[in-house]
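I opened the structure today to look up a few buried polar residues, and then the cores and the empty spaces. My notes are set down in the order in which I looked.

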Amino acid sequence: SSKEVRYLLARIERHLSPDTPLDEAELIVEHVLPQNADDLWRRYFTDQADEFAERLGNMTLVTASENRRLARKPFDQKTVVFGESPFKISQKIANYPEWQADQIESRQKWLAEQACAIWRVPQFDS
């Protein structure tokens, strides 16, 4: 659910920026590849756009004002907004030269690594 994704991403953001205040209630989950992708986006994902849109690696946190600026813009325009974001997890997206399946999978792996650092269970470490 959106609340669970927001919670998870907010915890990762707090882990990356422990000294930055974060009001979880003010955060919006942004899908980089839009949930209802237009033809411009679909040409990169063909019949997999719906699947990749719902992956955690495709989601990030934004403020309400950032969300209005992002809409369904192409990736090269979204990176400008992400680069100016106060959130490190969103800023990281601005470093990608393009946004396709490989980038979503790479980011998802990175998010998983961050989550493992937060919710590490010492007795299971090898």
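These entries go through single residues, then the nonpolar cores, then the pocket and the cavity.

**Entry on the model.** I note at the outset that this is a predicted model, and I read every value below with that in mind.

**Entry on E30.** I looked up E30 first and found it in strand β1, which covers residues 28-31. Is E30 buried or exposed? E30 counts as buried because its relative accessibility is 5%, and the cut-off for buried is under 20%. I then asked which side chain E30 meets in a polar contact. The partner is N67, whose side chain is joined to that of E30 by a polar contact of 3.1 Å. Leaving out residues up to four places away in sequence, I listed what E30 touches and found N58, M59, T60, V62, N67, L70, A71, K78 and F82.

**Entry on S90.** I went on to S90, which lies in helix α6, residues 88-91. S90 has a relative accessible area of 0% and is therefore buried. Not counting residues up to four places away in sequence, S90 touches T60, L61, V62, F82 and S85. I looked more closely at T60, which is 30 residues from S90 in sequence, while the two C-alpha atoms are 5.8 Å apart in space. The side chains of S90 and T60 make a polar contact at 2.7 Å. I also marked that T60, V62 and F82 are among the residues touched by E30, and that these three appear among those touched by S90.

**Entry on Q103.** Helix α7, residues 101-118, holds Q103. With a relative accessibility of 13%, Q103 counts as buried, because the cut-off is under 20%. What does the side chain of Q103 reach? I found that it reaches the backbone nitrogen of Q100, at 2.9 Å. Beyond four places in sequence, Q103 touches Y96 and E98.

**Entry on the nonpolar cores.** I turned next to the largest nonpolar core, which has 17 residues, and noted that V32, L33, W41, F45, F75 and W99 touch the most other members. The elements that give two or more residues to this core are α2 (39-45), α3 (49-53) and α5 (75-84). A second, separate core has 14 residues, including L9, L22, W110 and L111. For F45 I wrote out the contacts beyond four places in sequence, which are L33, F52, W99, Q100, A101 and I104.

**Entry on the largest pocket.** The largest pocket holds about 160 Å³ of space. I listed its lining as L40, W41, R43, Y44, P74, F75, D76, P97, E98, W99 and Q100. Helices α2 and α5 each give two or more residues to this lining, and α2 supplies the largest share, 4 residues. Sorted by class, the lining has 7 nonpolar, 1 polar and 3 charged residues. W41, F75 and W99 are in this lining, and I had already entered them among the residues with the most contacts in the largest core.

**Entry on the cavity.** How many cavities of 30 Å³ or more does the whole structure have? The search finds 1, and the space in the largest cavity is about 30 Å³. E13, R14, S17, T20, P21, L22 and F87 line this cavity. By class I recorded 3 nonpolar, 2 polar and 2 charged residues in its lining. L22 is one of these lining residues, and I also have L22 down as a member of the second core.

Notes:
Residues numbered from 1 in each chain as written. Predicted model: local features only at pLDDT ≥ 70, side-chain atom pairs only at ≥ 80, totals over all residues. Heavy atoms only, no water. Buried < 20%, exposed > 50% of the residue type's maximum accessible area, 1.4 Å probe, protein only. Polar contact = N/O pair within 3.5 Å; in protein donor to acceptor, adjacent residues only side chain to side chain. Contact = heavy atoms within 4.5 Å. 1 Å grid on protein atoms, 1.4 Å probe; cavity = no way out; pocket = protein on both sides within 12 Å on 5 of 7 lines; lining within 4 Å. Points joined across faces, edges and corners; volume = space filled by probe spheres on them. Nonpolar A, V, L, I, M, F, W, Y, C, P; charged D, E, K, R; others polar. Core = buried A, V, L, I, M, F, W, Y, C linked by side-chain atoms within 4.5 Å.
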